[in-house]
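Student: Could you take me on a close look at one part of this model? I would like to see how its pieces sit against each other.

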Amino acid sequence: MKQILIVEDEPNMRLGLKDNLEFEGYKVAVATDGSQGLAAIESNQYHLVLLDVMLPELSGFDVCRIARERGIQTPIILLTAKGEEIDKVLGLELGADDYITKPFGLRELLARIKAVLRRGPNAKKEPVEASIGKMTVNFSSYSANVDQEQVRMSHKEFEILKYLWEHRNHTVSRYQLLEDIWGYHEQPTTRTVDNFILKLRQKVEQNPEDPQIILTVHGVGYKMLEPS
Ligand code: CA
């Protein structure tokens, strides 16, 4: 049974969430302020934490930041109030996995919970930096280097490279790339994909004529071999 911790100071909210989540089959524990919440998170027994932002003692942001600083990977969904738009971004930067704005519907919350639980605590562990062929790329700052020299890459090139890297050792079809990188509504052709791949090969392959990193899977698409 999945265990969820609710950190929320408003009694009605806390109780309502607890009842609903228990009804959905989760085992639920509660904490009523930030420091109590942090202590509970540190016990490391929960699969997920619902963390209110405006809390007595420590704010939800503080709790999230401190927990991550201490190496705790438990997924956290922040509960933010309306009008805290800027804070959401801050929350995600502090290591939260998702946020939901009050007032929210139960269905939406349950969907978020399921999605975060599915991604699991390892979702954030992927390093942002990778060595791909002769290139070192940082997917968070969108910068790339070859032999200490900065390489100019378009945002689209970064996106495609990241996508291939996240799916490394698996074949990615041209259509998959079109759908996931360009979206349904733009209308590039599979030729567009091929042209981007050619450009990327120029940058990562020792010999772009004989690719060893981004391979062609004939009739389907491409496959990035695990960069070592
Ligand atoms: Ca509150």
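Tutor: Happily! In this predicted model, helix 6 lies across strand 6, strand 7 and strand 8 (143-146), and the angle between helix 6 and strand 7 is about 100 degrees. Helix 6 covers residues 155-166, twelve residues in total. From its first C-alpha to its last it reaches 16 Å, close to the 16 Å expected at 1.5 Å a residue. Several of its side chains belong to buried residues: E157, F158, I160, L161, Y163, L164 and W165.

Now for the strands. Strands 6, 7, 8 and 9 form an open sheet in the order 6-7-8-9, with antiparallel pairing. Strand 6 (129-132) and strand 9 (149-150) are at the edges; each has a single partner strand, so one side of each is left without a neighbour in the sheet. As general background, strands of a sheet pair through backbone hydrogen bonds, either parallel or antiparallel. Here, strand 6 and strand 7 (residues 135-138) run antiparallel and are joined by four bridges. If you would like one pair to look for, find A130, which stands opposite V137 in strand 7.

While you have the model open, have a look at the calcium ion too. Its coordination comes from D9 (OD), E10 (OE), D52 (OD) and M54 (O), at 2.1 to 3.0 Å. Along the sequence, these donor residues follow the spacing D-E-x41-D-x1-M. Two of the donor residues make a nice contrast: D52 is buried, with a relative accessible area of 2%, whereas M54 is exposed, at 56%.

How values were computed
Residues are numbered from 1 along each chain as its sequence is written. This is a predicted model: local features need pLDDT of at least 70, side-chain atom pairs count only at pLDDT 80 or more; totals for chains, interfaces and linings use all residues. Side-chain values use heavy atoms; hydrogens and water are left out. Donors are N, O and S atoms within 2.8 Å of the metal (3.2 Å for Na, K and Ca); water is not among the atoms, so sites may look incomplete. Buried means under 20% relative accessible area, exposed over 50%, partly exposed in between (1.4 Å probe, protein chains only). Helices (H or I, at least four residues) and strands (E, at least two) are DSSP runs, numbered from the N terminus. The expected span of a helix is 1.5 Å times one less than its number of residues. Two strands pair if DSSP finds at least two bridges between them. Contact means heavy atoms within 4.5 Å. Axes are lines fitted to C-alpha atoms, for helices over the stretch in contact, and angles run from 0 to 180 degrees between N-to-C directions.
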